Amino acid sequence: MTSILKVDHLTKRFGLKKAVCDVSFEVFSGQAWGLLGPNGSGKTTTLSILLGLIKATTGKFQWFGSHQTGAIHRTKIGSLLESPCFYPWLNAKQCLRMTASIRGLENVEKEINRVLSIVGLQSEWQFRVGTFSQGMRQRLAIAGALLGEPKVLILDEPTNGVDAMGIIEIRNLIKGLISKGHTILISSHILDEVEKICSHVLVLNKGRILDQGAIKDVLHTDNVMEISSQDSDRLEKSLATIHLIEKYKRDGEIFTLWLKEGVVSTDINKEFSDKGIVLSHLELKKSSLENHFLKLLG
Ligand code: ADP
Ligand code: MG
C-alpha cells in the first residue's frame, strides 16, 4: 500500500485557543477517510493545514512521501473547503475556467465538459451560478475539485446545506469516485454520512482525536443494547447498581446500554428478572458508529 498522507502530531493554536491538538494519522492509496466531529472540532482547520492554506503551530505532514508543499497541492489534490463561493453572474463553465486557472491547469475545455458531466451539470452549464440551488453549487464545487483528475480529493462538509435529494446525489457521486480509486478525505458532522461513504474514520472533538481506524473495526468495539420496562424509574435505579454495563443513556422510556466485554443479552435478562423487573423490550443493536461516537463524546 502506498502512503498518500502522513500526519505527525499536528497542533494549531489561534491565540490561546487550541483548534487542533496533537493529531496524527496516515492515509493510504484508495482509502476514504472521514473526519468526523461536531462543529468546532477542528476539521476545517486540519484540512486547511493539509492544503497549505494555513501553517500548523507544531507538527508536520507529508504528502506522497515528501515534505514539499505548494504546487503539489494544486495539481495532485482537488479540494472543496467550507462553503464554496462563486461569482453569481458567471455560468458554470466560466466558474470552472477560473478554478482551472487558479490551479494552473491549461487547455481545459474538454476537461470542463468531462467534470460537468460527472457531477450531472452538463445541461445546466449555461445558466448563471446565482440561479443554482445549494446542491448544484456543491456539485459545481466538486467538479472544480475534479479538474485535472487529481488522485486525492479533500472535501470539507460536501453536503452542507444541501437538501435530502441533493445529499443522496452527492453521496453517490463520492462513492463512485472512491470506486474509481480516488483517495478521499471528507469531513462531516453527520455520522450516518461517514458510515455510508468512508472506509476509515477519525473521530475529532475539541481538536483532539477520540478514535480512529477502519470503520469496521470502530464498529466492532461496542456491544450495545436497548431495553425498556413498564416502570422506567425503577429500571433506572437498578441500572445504577449493575456491573454488567459500562454506561447507559436514557431517552424517555428507552434505555441504551453499553455492555461490558463478553456480556450477552441473557445475562442482562437474568440480572433484571433476579431483581424482579420485567423487561418489555430488549434488543441487541448493531453497534453503530453513532453509539460509539456518543459514548466517546461522553
Ligand atoms: P470544524 O470545521 O470542525 O467546525 P474549525 O476547524 O472550523 O472546526 O474550528 C475549530 C476551532 O478553531 C473552533 O473553535 C473555531 O472557533 C476556531 N477557529 C477556527 N479558525 C479560527 C481563526 N481563524 N481564528 C480563531 N479561531 C479559529
Ligand atoms: Mg468546518
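This tour moves from the whole chain to one helix, its two packing partners and two cysteines.

**The whole chain**

Begin with everything displayed, keeping in mind that this is a predicted model. The C-alpha trace of the protein chain spans about 75 × 45 × 40 Å along its principal axes, and a cartoon view should let you find eleven helices and 13 strands. If you colour by accessibility, buried residues account for 47% of the 298 residues in the protein chain. As for how the chain folds back on itself, 68% of the contacts between residues at least 6 apart in sequence join residues that are at least 24 apart.

**Helix H3 against helix H4**

Next select residues 92–102, which form helix H3, together with residues 109–118, which form helix H4. Two packed helices are described by the angle between their axes and the distance between the axes. Here the axes come within 10 Å and cross at roughly 120°, which makes H3 oblique to H4, and the crossing is right-handed. To see the contact itself, show the side chains of Ala92, Lys93, Leu96 and Arg97 on H3, and then those of Glu109, Ile112, Asn113, Val115 and Leu116 on H4. Sorted by class, this contact of H3 with H4 contains five nonpolar, one polar and three charged residues.

**Helix H3 against helix H5**

Keep H3 on screen and add residues 134–146, which are helix H5; the two helices pack at an angle of about 40°, with their axes 10 Å apart. That angle makes H3 oblique to H5, and H3 passes H5 in a right-handed crossing. The residues to select on H3 are Ala92, Cys95, Leu96 and Thr99, which meet Leu140, Ala143 and Gly144 of H5. The contact of H3 with H5 divides into five nonpolar and two polar residues, with no charged ones. Ala92 and Leu96 deserve a second look, since they are listed in the contact with H4 and also in the contact with H5.

**Two cysteines**

Stay with Cys95, which you have just selected in the contact of H3 with H5: is this cysteine 95 buried or exposed? Its relative accessibility is 2%, so cysteine 95 counts as buried, the cut-off being under 20%. Then select cysteine 21, which has 8% relative accessibility and therefore counts as buried as well.

How many disulfides does a search of the whole structure find? A disulfide is a covalent bond between the sulfur atoms of two cysteines. The search of the whole structure finds zero of them.

Technical notes
Residues are numbered from 1 along each chain as its sequence is written. Chains are lettered from A and ligands numbered from 1 in the order in which they are written. This is a predicted model: local features need pLDDT of at least 70, side-chain atom pairs count only at pLDDT 80 or more; totals for chains, interfaces and linings use all residues. Side-chain values use heavy atoms; hydrogens and water are left out. A disulfide is a pair of cysteine sulfur atoms within 2.5 Å. Buried means under 20% relative accessible area, exposed over 50%, partly exposed in between (1.4 Å probe, protein chains only). Axes are lines fitted to C-alpha atoms, for helices over the stretch in contact, and angles run from 0 to 180 degrees between N-to-C directions. Helices (H or I, at least four residues) and strands (E, at least two) are DSSP runs, numbered from the N terminus. Angles under 35 degrees count as roughly parallel, over 145 as roughly antiparallel, 65 to 115 as roughly perpendicular and the rest as oblique. A crossing is left-handed if the near helix is turned anticlockwise from the far one by less than a right angle, and right-handed if clockwise. Contact means heavy atoms within 4.5 Å. Ala, Val, Leu, Ile, Met, Phe, Trp, Tyr, Cys and Pro count as nonpolar, Asp, Glu, Lys and Arg as charged, and the others, Gly among them, as polar.
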